[in-house]
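Here is my note on the model you sent. I have kept to points that can be checked residue by residue.

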Amino acid sequence: ANPRIYTTNVAFEQEIATNFSVYFDFTHSQGVHLTRFLNFARTGLFPTLGDIFVASAVGKGLYNGFTAGVRKRMSKRYQLEANYVYSRDRDDDSNERDPFTDRSFNINNLSLDYALSDRDIPHKFNFYMFAQLGWGFDGNFRVQARSAQPITPATRTATNRNTLRKDNQYFSFDWRIQRPFKLGERFELIPIIEMF
């Protein structure tokens, strides 16, 4: 069977002051018939053949995400947007792009693998701002942060897939200041200072 994704999205935005609005967004995405590569040599039926990888359409996944944010449209020389995302991403195999690894715990009971996805990042924060700073200077500012992704303990059991967290939480603050200088009607020279 071909993989299928069923997605529902509900969004609401409301202006709370001139040029300011808040918004809420909920996304539900369910995947069925996702590709899993299973090594049927693990069943013991063909002990002399070595690995027997079979592409199977038995995988499933589920993502639910809620976003809350604020947005200011361009006025008084600046605009900005900030949002926070809380989400949960679950599946029974996050390994769909590697056809030579069978990560199932028990090939005869694939339901034991359904847990947090390798991609699960429960908390994300995003902020960006553009501002006309005066004297012809423009500024761009961006903050991104997210919590760590899950990882399975070194000794896998039937119930501990992706129960720990990696040490890969992320934070960045990037900015750019620029000052355009017009050189006649057709050209501009724009010195830029930026940091990532």
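Leaving out residues up to four places away in sequence, which residues does H33 touch? Point 1 takes this up; note throughout that the model is predicted.

1. **H33 and its surroundings.** H33 touches A1, N2, P3, R4, A57 and G59, once residues up to four places away in sequence are not counted. H33 itself sits in strand 2. Its relative accessible area is 29%, so H33 is partly exposed; the buried class stops under 20% and the exposed class starts over 50%. D93 is worth checking alongside H33. The two are 60 residues apart in sequence, yet 12 Å separates their C-alpha atoms in space.

2. **The largest pocket.** The largest pocket holds about 180 Å³ of space. Its lining has 14 residues. Nearest the centre of the pocket are I5, G31, L34, G61 and R119. Strand 2 (20-39), strand 3 (53-75) and strand 4 each give two or more residues to that lining. Which strand gives the most? Strand 2 does, with four residues.

3. **Chemistry of the lining.** The lining of the largest pocket divides into six charged, four polar and four nonpolar residues. R119, one of the residues nearest the pocket centre, is a good place to start looking.

4. **D102: buried or exposed?** D102 is placed in the loop between strand 4 (78-91) and strand 5 (115-116). Its relative accessible area is 16%, and because the cut-off for buried is under 20%, D102 counts as buried. Two side-chain partners stand out in the listing. The side chain of D102 makes a polar contact with the side chain of S104 at 2.7 Å. A second polar contact, of 3.0 Å, joins the side chains of D102 and R42.

5. **Wider contacts of D102.** Set aside the neighbours within four places in sequence. D102 is then in contact with F37, L38, N39, R42, F53 and I107. R42 thus appears both in this contact list and as a polar partner of the D102 side chain.

6. **Strand pairing.** Strand 6 (residues 123-134) pairs with strand 4 in the antiparallel sense, over nine bridges. Within that pairing, E81 has Y128 in strand 6 as its bridge partner. Strand 6 also pairs with strand 7 (residues 137-146), again antiparallel, over 10 bridges. Here F130 stands opposite N140 in strand 7. When you inspect these strands, keep the usual pattern in mind: side chains in a regular strand alternate between the two faces of the sheet.

7. **W135 at the turn.** What is the sign of phi at W135? It is positive, near 55 degrees, in a residue other than glycine. W135 belongs to the loop between strand 6 and strand 7. The hairpin of these strands has two residues between them. W135 has 77% relative accessibility, so it counts as exposed; the cut-off is over 50%.

8. **N162.** Phi of N162 is also positive, near 55 degrees, and N162 is not a glycine either. Where does N162 lie? N162 is found in the loop between strand 8 (150-151) and strand 9 (164-165). Its relative accessible area is 3%, so N162 is buried. Read the two residues side by side: W135 is exposed, whereas N162 is buried.

Notes:
Residues numbered from 1 in each chain as written. Predicted model: local features only at pLDDT ≥ 70, side-chain atom pairs only at ≥ 80, totals over all residues. Heavy atoms only, no water. Buried < 20%, exposed > 50% of the residue type's maximum accessible area, 1.4 Å probe, protein only. Polar contact = N/O pair within 3.5 Å; in protein donor to acceptor, adjacent residues only side chain to side chain. Contact = heavy atoms within 4.5 Å. 1 Å grid on protein atoms, 1.4 Å probe; cavity = no way out; pocket = protein on both sides within 12 Å on 5 of 7 lines; lining within 4 Å. Points joined across faces, edges and corners; volume = space filled by probe spheres on them. Nonpolar A, V, L, I, M, F, W, Y, C, P; charged D, E, K, R; others polar. Pairing = 2+ DSSP bridges.
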